[in-house]
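Please open the structure in your viewer and keep the selection panel at hand. The tour below proceeds from one selection to the next.

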Amino acid sequence: MIKVNHSLCTLCEICVGVCPFSALMREDDKIVVLDTCRLCKICLKHCPENALSLEVTASRSEHNLADYSGVLVVAECSGDSVHPVTYELIGKGRELADKAGEKLSCVVIGHDIADICDQLLEYGVDRCYAVDYPELAQMRVEPYTNALEEVSLKIKPSIVLLAATPTGRTLAPRLATRLRTGLTADCTTLEVRNGSELVQIRPAFGGNIMAQIVTPKHRPQLATMRYKVMEPAVKERKPDARVETLQLLANQLESKAQVVKSRRKPPEESISDAEIIVAAGRGVRSEQSLAMVAELAALLGGQLGVTRPLVENGWADYTRQIGLSGRTVRPKLLITCGISGAVQFTASITGAETVVAINSDENAPIFKNAHYGLVGDLNEIVPALIDGLREV
Amino acid sequence: MHIVVCIKQVPETRDVAVDEETGVLLRDGVKSIMNPFDLYALEAALRLKEERGGSVSVISMGPPQAEAVIREAYMMGADRGYLLTDRAFAGADTLATAFTLAQGIDKIGEADLIVCGLQTTDGDTAQVGPGIAEMLRIPHESNVIAITGVTDSGLRLERDSGDSLDTVDVAFPCLITVTKAIGEPRLLSFRRKLETADYPVVYWSLGDLGENEDSLYGLKGSPTQVERIFSPPTQSDQEMWRGSGSELAQRLLSKLSDLRFVGGMRHD
Ligand SMILES: Cc1cc2nc3c(=O)[nH]c(=O)nc-3n(C[C@H](O)[C@H](O)[C@H](O)COP(=O)(O)OP(=O)(O)OC[C@H]3O[C@@H](n4cnc5c(N)ncnc54)[C@H](O)[C@@H]3O)c2cc1C
């Protein structure tokens, strides 16, 4: 809240004039702040007496749940490309919206984004909101948050889904705080009950336990989702799907941060997208044995994945690490060789369709996550598999 | 320059389990440490202080035992420490935590820069830093991997945005969250330990903060609620195969060919 120090205020009314939201008014011998105040702080800069200040305020108490409806997906784009996690957010958003019997919208923030918006309309969204300004060409926290706030206030969604990417993880808490509502990070399961009450499940304590979290009295309910955890949306165009443009005021586009330079990281070969993965763990005792597992992966037309210890001892690149501190994978086939099945590993393979585990210890926890458990020595099984595949 | 660093005491290990019957978290006698990312945040602040002068304050919300992490920060070089401790703060989610810390930072006053670790090892959300910045209505940058310049008016830094590395200029006052790339934290100094043994730690409770309404803090001030905790699910329809290496390999090859993973790729 903006606070007026009435003993300093000379009633010059400069603030009333500069407020872009007409939120300041003179009432008799007092300046009062109205509900339309958006805390843009322009008045603070203009007050000659320093009579205005910003109070770090209180949580807006409970929201009227009936005012909110629908699912909003925040698209993640950089330049003219859409991050594929966006399609997963839309896929999940569509499912939740259908169950609740409500609408699915998405918002695209950036510059020259018309093509992206048209493209997203083909994936089952009812409405795509475009916030398109040159000032938004690069991700800057303040104007991006303003854009998200604007669309949230306009459509009052019940649920907002964002990507658990670095950008999503920096914007989501900013938006949740501005709206004074709940946010749950890195959800692995999202469902609705009683209409659009969002039930969120996420790993806690590094995956050792799962927590089920709800936001009973505040709206919208915000959640972030990691890439590759949910199914991507299918192509379908809703009959009245269309793009709507959203305007921001000049001061909503301002920022105290300037992106001086942006360098794309070289695209790394990613196991996140692999359909077949053969993964090696510490049961693979030498680099020669690792080469053997890599050969099996190549013969199957797949990629090599590893557990963290193999990255730590320098045998494999970090980009191949599967797990909570590595990548989440969703292959059609995953074969694990000499992997014990620590939760930090298994938490990131739940999307694998078929899991085959090779381990010499029949009590290894990995077998609980495997459809086919092969109790045996990988140094015998893997060479035999390679021989067999070479014959095919 | 005045820098405030937010630090948190966390359990040393994440090896916790759930009692399947009662749904209660089993966490016996685990040691507590400073959240690893916060060591890097403090290191970044201390380096800026060495370069530009000024002072470094640390602030934490937690039970009285959390004084230990403030003492640790003193041993690394922090000048002042504040502990926000009150029963009313317990059970806070990230919003209520950000609110409480923002109240504390507001009361300390005059911070040019606030530094947080990227995330904590017990929460893993990375939400509190940006939340504090929003409460204070100042800019923030997350995932900062290097500070490459500092002037009287702001910082030049490198942030990791996932697909790109960005050079960003941001004006004071601002908040940053740092990754481990920012630079190895220094070791605790024994000399500093002796020197700082009688440094006071400032304790603040609800009544000391600008906003005293207790429904804004802790569990009551938290929009999110944990309904239940449980062990990660396991695979139910599984087969265990035993036999010699070549038998197992043969059996797997024929299964993979049934599933059309070999002998003609699967297309679906
Ligand atoms: C915060 C945190 C984050 C983490 N993040 C990750 C992560 O992202 N990814 C990750 O992988 N780990 C991660 N870990 C580490 C994780 O807890 C385990 O330590 C690790 O996954 C174990 O790797 P492993 O299965 O390869 O090794 P081990 O646990 O040592 O298992 C080796 C297995 O090989 C079997 N074996 C041995 N010889 C043979 C043989 N000849 N033939 C067949 N089987 C054999 C053994 O029976 C054993 O089960 C993390 C840990 C923490 C605390």
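Which atom of the ligand is 2.7 Å from an N or O atom in the side chain of A:Asn359? Select A:Asn359 together with the ligand in this predicted model: the ligand atom in question is an oxygen.

Next, select A:Gln321, where a polar side-chain atom lies 2.8 Å from an oxygen atom of the ligand. Then move to A:Gly283 and display its backbone, since here the atom to find is a backbone N or O, 3.5 Å from a ligand oxygen.

Now display the surface of the ligand. Taken alone, the ligand exposes 990 Å², and the protein buries 79% of that area.

For the secondary structure, select three helices of chain A: helix 8 (308-312), helix 9 (343-346) and helix 10 (378-391). These are the elements that give two or more residues to the shell around the ligand.

Widen the selection to the whole shell, which holds 27 residues. The closest are A:Arg282, A:Thr307, A:Ser325, A:Ser340 and A:Asn359, the last of which was the opening stop of this tour. Colouring the shell by residue class shows 14 polar, 7 nonpolar and 6 charged residues.

Zoom out and colour by chain: the ligand lies between chains A and B.

Finally, select chain B. Its domain assignment gives domain 1, covering 2-216, and domain 2, covering 239-268. Taken over C-alpha atoms, the centres of domain 1 and domain 2 of chain B are separated by 52 Å.

Notes: Residues numbered from 1 in each chain as written. Chains lettered and ligands numbered in written order. Predicted model: local features only at pLDDT ≥ 70, side-chain atom pairs only at ≥ 80, totals over all residues. Heavy atoms only, no water. Near = heavy atom within 4 Å. Polar contact = N/O pair within 3.5 Å; in protein donor to acceptor, adjacent residues only side chain to side chain. Areas by Shrake-Rupley, 256 points an atom, 1.4 Å probe, with all protein chains shown as cover. Helix = DSSP H or I, 4+ residues; strand = E, 2+ residues; numbered from the N terminus. Nonpolar A, V, L, I, M, F, W, Y, C, P; charged D, E, K, R; others polar. Domains from an automatic or database assignment.
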